[in-house]
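Trainee: I should be grateful for a close look at the aromatic rings of this model and at the parts of the fold that surround them. Please treat the matter in one connected account.

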Amino acid sequence: MAFVSVTTTMTTLQFLGAAGTVTGSKFVLDTHGRRVMIDCGLFQGMKELRMRNWESLPLAPESISWVLLTHAHIDHSGYLPRLVRDGFKGPVYATKATADLLKIMLPDSARLQEEDADYANRKGFSKHKPALPLYTEQDAAAALKLIRKVSYKEKIALNKFISACFVPAGHILGSSFIEVQLNQTPSAPLKVVFSGDLGRYDEPILNDPQSETEADYLLVESTYGNRIHDRTNPKDRLAEIINTTAQRGGKIVFPAFAVGRTQLLIYYLRELEEEGRIPVLPVAVDSPMGVEATRLYTRHSEDHDFDMQRVVNLKRNPLATGSFTLVHGRSASKALNQSSGPGIIISASGMATGGRVLHHLARWLPDPSSTVIFAGYQAAGTRGRRLQDGETELKIHGQILPVRAHIESISSLSAHADAGEIMKWLGEFKRPPRKTFVVHGEPDAAAALRDRIARELGWDVVIPAHKVVVELS
Ligand SMILES: [Zn+2]
């Protein structure tokens with residue numbers, strides 16, 4: 001794949017993130033001089049990746065006419081406030097639920113950026129004096145003003161020649177894959193499909209990922225491109241772990257993504273209680289964003305699958321358990337760690353990179369009767385990954401803590417399709433795309449999926465390099 005020099009009559013695609021890595025999703029289609037960016041994500045995880053958030057883009061933000069967001073996760077949306085601060089004027093298209101989630105997620109991301117800068121200033125370890133945040137809450141507010149809500153399957157005409165359509169992807173509330181239709185040359189219109197993050201089949205709460213049947217060019221995620229999720233029923237594993245921990249008198253701490261895994265866990269815990277398979281334990285959701293997101297999950301009925309809607313129709317709350325607390329405020333959060341006896345704490349961040357879960361881990365990791373359960377993807381370099389890898393000590397808030405609690409992972413609780421589920425989704429295509437780009441995966445995962453697509457489907461498939469530009473024709 002070579003760099004091409006861009007002329008105005010060409011259609012090109014540039015990879016500005018999630019190329020050879022999981023985070024920072026940003027793809028720019030440039031067609032006849034107009035640019036549309038699909039996803040606008042933040043790089044997360046290792047420091048060298050996070051540093052990329054500070055590099056200026058190889059194109060002027062004001063030269064981008066539109067942004068389309070597949071879903072609200074920060075690695076797909078969290079660069080937007082910076083793009084706006086640097087000159088992008090909008091509009092930004094997203095599904096209704098994504099737009100509502102962004103109202104809580106972008107300001108939260110801005111607060112984290114501001115806290116990081118404050119912390120660097122206090123500790124004096126920034127090269128820049130003073131250290132500045134990547135963006136502020138004001139930048140996030142400006143970005144939110146540019147968002148236009150769209151319905152699933154609605155054809156959005158960006159201009160005379162470019163249209164887009166958001167199709168349910170079953171990954172988190174509001175998540176979609178995006179079809180972009182380029183009709184500049186009527187004899188040969190091009191359809192480019194961006195998978196975003198693909199969800200799971202037969203999961204509660206959300207509808208399954210819908211099928212896509214054709215694309216001229218396809219970008220497909222590969223988070224779990226080299227793995228198959230454990231096929232045991234996640235409820236069986238949850239019941240087993242919860243019961244043994246409760247018998248020991250320990251706490252169960254779930255570091256869980258505030259949006260998605262938190263709601264799935266509550267849903268399963270409610271069912272397990274109703275089925276009499278676990279005792280009714282105090283369950284606390286301790287994450288301001290998790291509390292807000294749970295409310296949105298109940299409200300956005302357009303995303304509900306049959307079972308979720310059935311419970312809602314019975315005027316029951318599908319996202320609450322028998323002894324359930326949505327924790328508001330820091331003091332209530334701290335009080336959780338003074339309570340004795342068995343209980344369940346669901347708190348963010350999901351990879352234990354920050355957030356209130358760190359206080360809970362600091363309290364319960366040294367306690368051999370407790371259990372920490374990971375319910376989602378743990379990126380390389382995060383505390384979550386280190387605990388999964390069996391580290392016996394962990395640094396939190398500058399303190400080295402012994403890890404004596406039981407560490408469990410339930411991969412079947414993942415929000416991401418595994419390799420088999422991605423292949424199932426690809427298997428619906430009626431003809432091979434001219435080219436398939438494997439994105440959004442660590443190198444091993446992306447390579448495994450590329451090889452599998454080539455071997456089993458015989459498609460022309462590549463892993464694009466960061467910042468590469470390819471011509472579409
Ligand atoms: Zn996602």
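Mentor: A suitable place to begin is a charge set against a ring: Arg 363 lies over the face of Trp 364, at 3.9 Å from the ring centre. A second case involves Lys 26, whose charged end sits over the ring of Tyr 79, 4.8 Å from the centre of that ring. Please bear in mind that the model is a predicted one.

We may turn to rings set against rings. A pair of aromatic rings is described by the distance of the centres and the angle of the planes. Across the whole structure, a search finds 6 aromatic pairs. One of them joins Phe 15 and Phe 437, with 5.0 Å from centre to centre and 55 degrees between the planes, and this pair is tilted. Phe 15 belongs to strand E1 (residues 11–17) and Phe 437 to strand E20 (residues 435–439), so that the pair links distant parts of the chain, 422 residues apart. Both Phe 15 and Phe 437 are buried. The pair between Trp 425 and Phe 429 is edge-to-face, because the ring centres are 5.7 Å apart and the planes stand at 75 degrees, where an angle over 60 degrees is required for that class. Trp 425 counts as buried because its relative accessibility is 1%, and Phe 429 counts as buried at 8%; the limit for buried is under 20%. One aromatic cluster is made up of Phe 15, Phe 27, Phe 194 and Phe 437.

The surrounding sheet deserves attention next. It is open and built of 7 strands in the order E7-E8-E9-E10-E11-E20-E21, with mixed pairing. Strand E7 (155–157) and strand E21 (461–462) stand at the edges; each has a single partner strand, and therefore one side of each is left without a neighbour in the sheet. Within this sheet, strand E9 (residues 176–182) and strand E10 (residues 190–194) pair in the antiparallel sense over 5 bridges. Leu 182 stands opposite Leu 190 in E10. Helix H13 (residues 419–426) lies across E9, E10 and strand E11 (217–221), and runs at about 160 degrees to E11.

Finally, there is the nonpolar packing. The largest nonpolar core has 73 residues, of which Val 67, Leu 80, Leu 83, Leu 101 and Ile 346 touch the most other members. Helix H4 (residues 96–123) supplies the largest share of this core, 8 residues. Apart from this core lies another, of 31 residues, including Tyr 93, Leu 158, Phe 166 and Val 462.

Notes: Residues are numbered from 1 along each chain as its sequence is written. This is a predicted model: local features need pLDDT of at least 70, side-chain atom pairs count only at pLDDT 80 or more; totals for chains, interfaces and linings use all residues. Side-chain values use heavy atoms; hydrogens and water are left out. A nonpolar core is a set of buried Ala, Val, Leu, Ile, Met, Phe, Trp, Tyr and Cys residues joined through side-chain atoms within 4.5 Å. Buried means under 20% relative accessible area, exposed over 50%, partly exposed in between (1.4 Å probe, protein chains only). Helices (H or I, at least four residues) and strands (E, at least two) are DSSP runs, numbered from the N terminus. Rings of Phe, Tyr and Trp (its six-membered ring) pair if their centres lie within 6.5 Å; planes under 30 degrees apart count as stacked, over 60 as edge-to-face and the rest as tilted. A charge sits over a ring if NZ of Lys or CZ of Arg is within 6 Å of the ring centre and within 35 degrees of the ring normal. Two strands pair if DSSP finds at least two bridges between them. Contact means heavy atoms within 4.5 Å. Axes are lines fitted to C-alpha atoms, for helices over the stretch in contact, and angles run from 0 to 180 degrees between N-to-C directions.
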